[in-house]
Every structure is written in structure tokens, then in C-alpha cells.
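Let us take this structure one question at a time. Keep the picture open as you read.

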Amino acid sequence: MSINATLIGQMIWFAIFIWITMKYVWPPLQKAMAERQQQIADGLAAAERGKHDLELASKRSADALREAKDRANGITAEAEKRAREIVEAAKDAAKVEADKVYNSKLAELEQEAERARSALRERVAELAVAGAEKILRREVNAGAHADMLAALKQEL
Amino acid sequence: MSAAAHGEPLTATSYIAHHLTNLKVGSGFWTFHVDTLLVSGFLGLLVFGSLAVLAGRATSGVPRGWQNFFEMVLSFVNQQVKDTYHGNNPLIAPLAITIFVWVFTMNAMDLIPVDFLPLLSQKLSGNEHLPFKFVPTTDPNLTFAMSITVFIIMIYLNFKVKGFGGFMHEVFTVPFGPKLAPVNFLFRVIEDIAKPISLSLRLFGNMYAGEMVFILIGLLGIWQLPLALPWELFHILIITLQAFVFMMLTIVYMSMASESH
């Protein structure tokens, strides 16, 4: 064990290996590792963002659902009210219409009755006269009824 | 015990000595430990080459297989760097990764049974006495080469971050104030010199001792079987720990160099 020129040779080897590591080993590996670290960090951040987005979206959807339900309830109530109103209005209108029709028919009927009555009255008078004529033709006995006819003539 | 069929009688001493001898080329200072250079270089090229290939193919998608494993190791090292070093120098993380991965791989050579690779190399070379140490971190040349490189980077960072004036001010005034400038300077020199020495000797000592125990266990004949396994399991801990300690202290030194008091 003596120190000799091997020392110089070994220093050269050492320097060569440091140079190889410095130029060809460490930088590419370090780059790959840093890139991977960046990718992992990005992936984690994206996952975190996605989770956050999901939370927001589910909250939004719940809000929307509740709002829609509220609105649907409102619309239903409104519709029921409206339906009631329409039914009421229809009922009123029908009543008015019915009254109108009833009144007009009643008036018509009265007119008709009146007309019939007056026609009847005329026919009664005619019949009465005709009846009277027949009776008169058979039974007139000018002698017997001269007094009555004379009285009628008197009256007419 | 290995190679009982040697021509000359194999003693315990020669077995140990043989295992602790490097394959040398050259003489004097210009001696090269071929085994250390080859094994450390081969392991480094293998592991950093495959790391470079894997890194080139790395995707930012789902990592699988080896990419997963290396990302885990490298981000563990990077986390240590981030926790300790608060400057912003692109050199520190690669430096720490290189140290951890390379030292761990070289230490891990210790886990291959102690006679396996030497015997293989002897058979392949045809030389029955070929010495070949397969754990580069048991060679102080390697540990000192690493710690001195770390030391140089540390000094460079000191100048770069604090500037010449700032660094000199720190060297001469910390910790006792400007009146005791020579003492401060002396303390600083001792402190800074101690850093690479302790760094390299710690790794060398641990691995050398661990290897030594393996060699001693190898001397026990049939009894090495029940002993080698527990020591091997325990050694996995030492291997990792030493790689981690070397890396961690380097980061600490770098952070001290980059922070002004």
C-alpha cells in the first residue's frame, strides 16, 4: 500500500464519472422526475377542481329542483284558482242565459196564449152564433119566438 | 484456503500477502495499480454507462423497472443534498450521486467470495501467482484520489462563492477574530487538510479491514462456510454505510465551503 501514480489515474476516472453523471445522468432523470411531479400535481389539482365543480353543480341542481317545485306548486295553485274562477263565471253566465231564455220563452208563450185566447174568443162567438142559428132554424117559430126575436132586435 | 495445488507450500502468511498485493506496472512513483484502475474503471463505466442510457430513456410517465430503482436511489441522494446543501450549484448533486453509486459498487465487490475472482483471473491469465485485488476501495490510491478531488472542488467553491477576499477573510479571522490571524490560519489549514485525509482513510480503513476479515475467514478451511455468510450479511451494512458517509461528508464540506459565516 503505497501512494503512486494510480492516484492520478483514479482522479481521472473520478472526474470522468462526475462528468457523465453531470451531463448524461442527472439532468434527464431530474427533468423526467420534475415533469412527473408537475403532472401529478396537475392531476391532483384537476381532481380537486372536479370535486369542487361537482359539489357546486349538485348544489345548483338541488336549488333548481327546489325552485322548480316551488314554481310548480305556485302554478298548480294558480291553475286551481283560475279553474274555480272559470267555473264560477260559467255558472253565472249560464244562469243569466237561462234566465234570459226563460223570460223570452215565457213572454212568447204569453203572447201565444193571448193570441190563442183571442182566436178562441172569436171562434166562440162564431160558434155561438152558428149554434144559435141552428137552434134558431129548427125551433124558430116565428110565432113562438116573435117576442124574443123582437126583444133581440130591440137589444141589437 | 485457495489454490492448494501451488508448486511451493502455501502458508497463511503468503496467502494473506498474496491477497493484499496489487497488480503493478511501472516503478517508483510511476507505478500503476492495474487492478484498481481496471476494476474501478470497468465498474464505473458499467454503472454510469447504464445510468446514462436509462436516463436518456427516462419517461415522465409511470416509471418501471430499473428506472424506478435508479430514481429511488438518485432522489434519495438528492434529498440528502437538498437537506444539507442550501446553495445552488449544479455540481453538488451529480458529485454526491457519483460518489454514492461508485463507492457502493466498488465496495460491493467485497461481497463476491474472496477467492473467486482472483482464482478466475489466475486461470485466465495462466499465471498462478498473478496478484489481483478486486476491491478497489481497499487501495488508498483510490480513496485519496477521490478525497483530493473533493478537496479541490471544495477549495474552488470557497473561492467561487466567497470570492478571494471573502475566503481569505474567513481563513484569517474565524474562529478567534482578526487579532489572532496566524492561529486562525493554522487552525484552518489543519482543519481543511484533515478533511480529505479523514475522508479517504475512513473508507480505506473500513474496506481494508472488512477484506482482511474475509481473508482470515478464508483461511479457516471448511469452517469458513458458517462464518463467511454472517460477515457477508454484516458487510452489506458497512458497504452501504461507508458509501453513504463518504457522500454525506462531501455534501457537508461543500455546504461549509458555500456558506459564509
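**Spaces, surface and helices**

Author: The largest cavity has a volume of about 100 Å³. The model is a predicted one.

Reader: Which residues are the closest to the centre of the largest cavity?
Author: The lining of the largest cavity counts 13 residues. Those closest to its centre are B:Val114, B:Pro118, B:Phe134, B:Val135 and B:Glu211.

Reader: How many charged residues are in the lining of the largest cavity?
Author: Sort the lining by class. Nonpolar residues number 9, and 1 residue is polar. The charged ones number 3.

Reader: How many cavities of 30 Å³ or more does the structure hold?
Author: We have met the largest, at about 100 Å³. The second largest has about 30 Å³ of space. The count of cavities of 30 Å³ or more is 2.

Reader: Which element gives the most to the lining of the second largest cavity?
Author: The lining includes B:Ser147, B:Val150, B:Phe151 and B:Met154, as well as B:Lys195, B:Pro196, B:Leu199 and B:Tyr253. Two elements of chain B, α6 (140-173) and α7, each give two or more residues. With 4 residues, the top contributor is α6(B).

Reader: How many residues of that second lining are nonpolar?
Author: Take the other classes before the nonpolar one. The second largest cavity has 1 polar and 1 charged residue in its lining. Its nonpolar residues number 6.

Reader: What is the volume of the largest pocket, and which residues are the closest to its centre?
Author: The volume of the largest pocket is about 290 Å³. Its lining has 13 residues. The closest to the centre are B:Val47, B:Phe69, B:Phe70, B:Phe104 and B:Thr105.

Reader: Which elements each supply at least two residues of the lining of the largest pocket?
Author: Look at the helices of chain B. The lining itself has 10 nonpolar and 3 polar residues, with no charged ones. The elements that each supply at least two are α2 (34-57), α3 (66-84) and α4 (92-108).

Reader: Which helix gives the largest share of the nonpolar patch on the surface?
Author: The patch is formed by B:Phe172, B:Phe185, B:Val189, B:Ile193, B:Ile197 and B:Leu201. Together they have about 460 Å² of accessible area. The largest share, 5 residues, comes from chain B's helix α7 (residues 181-218).

Reader: Why does B:Val189 count as partly exposed?
Author: B:Val189 lies in helix α7 of chain B. The partly exposed class runs between 20% and 50% relative accessible area. B:Val189 falls in that class because its relative accessibility is 34%.

Reader: Is B:Asp192 buried or exposed?
Author: B:Asp192 also has its place in helix α7 of chain B. The cut-off for buried is under 20% relative accessible area. B:Asp192 has 7%, so the class is buried.

Reader: What separates the C-alpha atoms of B:Asp192 and B:Phe151?
Author: B:Phe151 is one of the residues that line the second largest cavity. Along the chain, B:Asp192 and B:Phe151 are 41 residues apart. Their C-alpha atoms are separated by 8.1 Å.

Reader: In what order do the elements of chain B run from the N terminus?
Author: Chain B has 8 helices and 2 strands. Start at the N terminus and read on. The order is α-β-β-α-α-α-α-α-α-α.

Reader: What percentage of the residues of chain B count as buried?
Author: The C-alpha trace of chain B spans about 70 × 55 × 35 Å along its principal axes. The chain has 261 residues. Of these, the buried ones make up 48%.

Terms used
Residues are numbered from 1 along each chain as its sequence is written. Chains are lettered from A and ligands numbered from 1 in the order in which they are written. This is a predicted model: local features need pLDDT of at least 70, side-chain atom pairs count only at pLDDT 80 or more; totals for chains, interfaces and linings use all residues. Side-chain values use heavy atoms; hydrogens and water are left out. On a 1 Å grid over the protein atoms alone, a cavity is a set of points where a 1.4 Å probe fits but cannot get out, and a pocket is an open set with protein on both sides within 12 Å along at least five of seven lines; lining residues have an atom within 4 Å of a point. Grid points are joined across faces, edges and corners, and a volume is the space filled by probe spheres set on the points. Ala, Val, Leu, Ile, Met, Phe, Trp, Tyr, Cys and Pro count as nonpolar, Asp, Glu, Lys and Arg as charged, and the others, Gly among them, as polar. Patches are made of residues with over 30% relative accessible area and no salt bridge: like charges are joined within 9 Å, nonpolar side chains (Val, Leu, Ile, Met, Phe, Trp, Tyr) within 5 Å. Accessible areas come from the Shrake-Rupley method with a 1.4 Å probe; for residues, only the protein chains shown count as cover. A salt bridge is a side-chain nitrogen of Lys or Arg within 4 Å of a carboxyl oxygen of Asp or Glu. Buried means under 20% relative accessible area, exposed over 50%, partly exposed in between (1.4 Å probe, protein chains only).
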